[in-house]
Amino acid sequence: MTEAMRLGVFGGAFDPPHVAHVALARTALAQLQLDRLLILPTGQAWYKPQSLSQAQHRSAMCALAFLPLGDRVVIDERETRRTGPSYTIDTLLELRAEHPQAQLYLLMGDDQWRSLPSWHRIEELARLAIICPARRDPQVAAWGGASSSPGSDGQGVYAQLQVHPLSMPLMPQSGTDIRQRVPDSQSLDGAVSPTVAQYIEQHHLYRSDT
């Protein structure tokens, strides 16, 4: 009997994709032994108060950022083509229909992990994928499963989850910080790959006049 495909799912604004995103993807490929990892720039993000850069720019930057990880990593633009808010549950349902035998692994940072109780149709999502959080906050204890979820709010949600924590070093990079650096002409060295930095400069992203 053929072993089920191990399919990773990593969604986000990627505005821009930074080195912590790439490190999380690299960690997941190794620790989860993924056969394929889908990178999904979000479309209309229900959780983002600010407007996002155009989808074509975010997808292009993802292609540049994740290229060094090899052909197991695929940029999937389905969420950018949807109308209305993007919900992870819709993506997982589509992937389950496309790959009925695959084991789905949903990758996320600790900020997304903390917000899970507010996610759309979280109980259904919990049945579709193993949740794989990666720690960035040094105040959060290493996860051993749902019992170590932060805080008491939404504890029932965390208890329903299948959790496989990703072990990786603390990385402080954030899209907000990077977007704030650009107008002041601060260096992006160490925050994004050189190819992404060049793309940002060439297309004048994150500047007040654009």
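Which residues does Phe 66 touch, not counting residues up to four places away in sequence? In this predicted model, the list runs to Phe 10, Phe 14, Pro 17, His 21, Val 22, Ala 25, Ile 39, Val 73 and Ile 75, with contact taken as heavy atoms within 4.5 Å. Residues are numbered from 1 along each chain as its sequence is written, and side-chain values use heavy atoms, with hydrogens and water left out. Because the model is predicted, local features need pLDDT of at least 70 and side-chain atom pairs count only at pLDDT 80 or more, while totals for chains, interfaces and linings use all residues.

Phe 66 also turns up with Phe 10, Leu 37 and Leu 107 among the residues with the most contacts inside the largest nonpolar core, which has 37 residues. Such a core is a set of buried Ala, Val, Leu, Ile, Met, Phe, Trp, Tyr and Cys residues joined through side-chain atoms within 4.5 Å. Several elements chip in at least two residues each, including helix 1 (19-31), strand 2 (36-41) and helix 8; helices (H or I, at least four residues) and strands (E, at least two) are DSSP runs, numbered from the N terminus. Helix 1 gives the most, seven residues. Apart from this core sits another, of 23 residues, with Trp 113 and Leu 116 among them.

As for helix 8 (residues 194-202), its buried residues (under 20% relative accessible area, 1.4 Å probe, protein chains only) are Val 196, Tyr 199 and Ile 200. Seen down the helix axis, they fall within an arc of 100 degrees (directions from the axis to the C-beta atoms), so they line one face. Helix 2 (55-66) is part of what covers them. On the other side, Pro 194, Glu 201 and Gln 202 are exposed, meaning over 50%, with partly exposed in between.
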